[in-house]
Amino acid sequence: LAYTAFFTGSSNEKSSLTPKGAQEVTVEEAEISKEILDYEAEQKQELQDILSKMEGVGKVDVKMHFESGEVKVPAYNSTTQTAETREEDSQGGTRSTIQETGGDTVVMYSDGSTNEPFIVQTYKPKITGIIIVAEGASNSKLRYDIQIAVSTLYNLSLDKVNVYPMEN
């Protein structure tokens with residue numbers, strides 16, 4: 001009897017066994033992960049395309065490092081309450097107490113079957129470093145020009161943009 005309760009089930013049921021410490025990935029999380037990877041690939045391709053159009057650069061390969069994933073900022077509903085109490089004692093003394101309470105709650109919206117936080121702003125992953133390998137990078141002036149262009153484009157300091165000549 002115990003065996004049938006634990007090891008049988010209808011063919012329509014889905015079972016999921018995950019190792020200890022592993023996490024199940026929902027469809028929504030997988031879609032978000034795919035969006036981030038698509039964004040990173042798009043940024044890399046755009047940079048390769050623009051750099052390869054520069055005179056003397058030639059073929060280009062780019063590696064970008066991103067600080068984190070996408071950050072979504074939800075809307076908050078803030079409430080603050082202030083209560084003031086004044087007490088007088090029998091000797092003529094006065095005591096005043098002010099108490100403030102407040103809190104923030106995330107604004108939610110419903111799209112039928114689910115409640116989701118209302119997103120006010122979305123920050124794309126921040127680029128923290130770039131390595132560029134280019135055919136024309138053996139020329140030090142061109143290497144510097146590439147470094148300046150990329151650091152200006154992504155608002156990075158020059159030490160975060162490394163340019164190297166491509167192997168023949």
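**A three-stranded sheet and the helix across it**

In this predicted model, strand 8, which spans residues 127-134, runs parallel to strand 9, and five bridges connect the two. Two residue pairs help to locate this pairing on the structure. Isoleucine 131 has asparagine 162 of strand 9 as its bridge partner, while isoleucine 130 stands opposite valine 161, also in strand 9. Between these strands the chain passes through helix 3, and the resulting β-α-β crossover from strand 8 to strand 9 is right-handed.

A step back brings the whole sheet into view. The sheet is open and has three strands in the order 1-8-9, with mixed pairing. Strand 1 (60-66) and strand 9 (161-165) form the edges; each has a single partner strand, so one side of each lacks a neighbour in the sheet. From one strand to the next, the twist averages 15 degrees. In general, the strands of a sheet pair through backbone hydrogen bonds, in either a parallel or an antiparallel manner.

The helix of the crossover can be placed against this sheet as well. Helix 3, made up of residues 140-154, lies across strand 1, strand 8 and strand 9. Relative to strand 9, helix 3 runs at about 150 degrees.

Following the chain onward, the segment after strand 9 contains asparagine 168. Is this residue buried or exposed? Asparagine 168 counts as exposed because its relative accessibility is 97%, with the cut-off for exposed set at over 50%. Asparagine 168 also lies 7.9 Å from glutamate 135, C-alpha to C-alpha, although 33 residues separate the two in sequence.

How values were computed. Residues numbered from 1 in each chain as written. Predicted model: local features only at pLDDT ≥ 70, side-chain atom pairs only at ≥ 80, totals over all residues. Heavy atoms only, no water. Pairing = 2+ DSSP bridges. Helix = DSSP H or I, 4+ residues; strand = E, 2+ residues; numbered from the N terminus. Axes fitted to C-alpha atoms, helices over the stretch in contact; angles between N-to-C directions. Contact = heavy atoms within 4.5 Å. Right-handed = clockwise from strand over helix to strand, strands pointing away. Buried < 20%, exposed > 50% of the residue type's maximum accessible area, 1.4 Å probe, protein only.
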